[in-house]
Structures are given as structure tokens and as C-alpha cells.
Amino acid sequence: MADLSWPALTLLTRQGCCLCEGLQERLEALDPAPPLQCVDVDGDAQLQARFGLEVPVLMTASGEVLARVPPRLSGDRLADWLQRSLNSSNSA
């Protein structure tokens, strides 16, 4: 997995959200970790209106929303899920 390079991703979060924090930690623990920008939905009225309480939400740099990340995935299983999700979003 070490020669895999990830595209930039945006993680929509909310302060105090344990699911958001957990996903951020699991993504940052990947080797290599994807470039990750975290955005608090409560700091942007449009994001708050669109995503409300649905955080965490993972998006591509182009703004495409990926499927909800299963909360128990970590390590290689998370990397495999992320690769499949990115491949299916690119082919859609």
C-alpha cells in the first residue's frame, strides 16, 4: 500500500463529534495518509444547511460526496474501502 497516492479529500466535521474525530484519526493513520482538509460545517451556513447532522462526510476535492464510511473500518480495510469509493466516484 505504500506506493499508493491519495487525492486530496475534505472531511466535513463538527466540533465535539466523536464520529468525526474518530474518522479523522483513522484516515490520518493510513500509510500513506491522504491529504485531508477538515471543515467544520457549523462555520459555513451552506454546508450546515446541506449536511446538518450527517457528519462526518468525506468529499473529493471536486466536491463529490463519497458514501458514508463504515465506522468500524480502519487500517488496510479503510484504505481498501477508500480506494473502491474513489474508483467508483471517478467512473460515475
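## Burial and the example of Pro34

A residue is called buried when its relative accessible area is under 20%, and exposed when that value is over 50%. Pro34 has a relative accessibility of 8%, and therefore counts as buried. The structure described here is a predicted model.

Pro34 belongs to the loop between H1 and E2. Leaving aside neighbours within four places in sequence, Pro34 is in contact with Trp6, Pro7, Leu9, Leu27 and Leu82. Its C-alpha atom is separated by 17 Å from that of Ser88, and the two residues are 54 residues apart along the chain.

## Overall architecture

The chain has three helices and three strands. Read from the N terminus, these elements follow the order β-α-β-α-β-α. Along the principal axes, the C-alpha atoms fill a box of roughly 40 × 30 × 20 Å. The radius of gyration of the chain is 13 Å, which agrees with the value near 12 Å for a compact globule with 92 residues.

Of the 92 residues in the chain, 37% are buried. When contacts between residues at least 6 apart in sequence are considered, 67% of them join residues at least 24 apart.

## Surface and charge

About 5600 Å² of the chain is exposed, and carbon and sulfur atoms supply 49% of this area. The side chains include 7 positive and 12 negative ones. The centres of these two sets lie 9 Å apart.

## Helix H1 and its two sides

Helix H1 covers residues 18–28, and its buried residues are Cys20, Leu23, Arg26 and Leu27. Seen down the helix axis, the buried residues of H1 fall within an arc of 135°, so they line one face of the helix. An α-helix has 3.6 residues a turn, so residues three or four places apart point the same way. On the other side of H1, Cys18 and Glu25 are exposed.

Leu27 of H1, which is buried, is one of the contacts of Pro34 in the loop between H1 and E2.

## The loop after H1

Ala29 is also placed in the loop between H1 and strand E2, the latter covering residues 36–40. Is Ala29 buried or exposed? Its relative accessibility is 60%, so Ala29 counts as exposed. The C-alpha atoms of Ala29 and Val55 are separated by 20 Å, with their positions 26 residues apart along the chain.

Pro32 has its place in the loop between H1 and E2. The peptide bond that joins Asp31 and Pro32 is cis, with omega about 0°. A cis bond also runs from Val55 to Pro56, where omega is near 5°. Pro56 is in the loop between helix H2, residues 45–51, and E3.

## Strands E1 and E3

Strand E1 covers residues 9–13 and contains Thr10. Thr10 has a relative accessible area of 15% and is therefore buried. Not counting residues up to four places away in sequence, Thr10 touches Gln37, Val39, Val57, Leu58 and Met59. Gln37 and Val39 fall within E2, residues 36–40, while Val57, Leu58 and Met59 fall within E3, residues 57–60.

Thr60 is found in strand E3. With a relative accessible area of 12%, Thr60 is buried. Its contacts, leaving aside neighbours within four places in sequence, are Ala8, Leu9, Leu66, Leu86 and Ser89.

## The segment before E1

Ala8 lies in the segment before E1. At 38% relative accessibility, Ala8 counts as partly exposed. Apart from neighbours within four places in sequence, Ala8 is in contact with Pro35, Thr60 and Ala61. The C-alpha atoms of Ala8 and Val65 are separated by 13 Å, the two residues being 57 residues apart along the chain.

## Helix H3

Helix H3 covers residues 75–91 and includes Arg84. Arg84 is exposed, with a relative accessible area of 52%. Arg84 and Trp6 are 78 residues apart in sequence, and their C-alpha atoms are 12 Å apart in space. Trp6 is also among the contacts of Pro34.

Technical notes:
Residues numbered from 1 in each chain as written. Predicted model: local features only at pLDDT ≥ 70, side-chain atom pairs only at ≥ 80, totals over all residues. Heavy atoms only, no water. Buried < 20%, exposed > 50% of the residue type's maximum accessible area, 1.4 Å probe, protein only. Helix = DSSP H or I, 4+ residues; strand = E, 2+ residues; numbered from the N terminus. Arc of directions from axis to C-beta. Rg over C-alpha atoms; globule rule 2.2 N^0.38 Å. Contact = heavy atoms within 4.5 Å. Areas by Shrake-Rupley, 256 points an atom, 1.4 Å probe, with all protein chains shown as cover. Lys, Arg positive; Asp, Glu negative; His and termini not counted. Charge placed at Lys NZ, Arg CZ, Asp CG, Glu CD.
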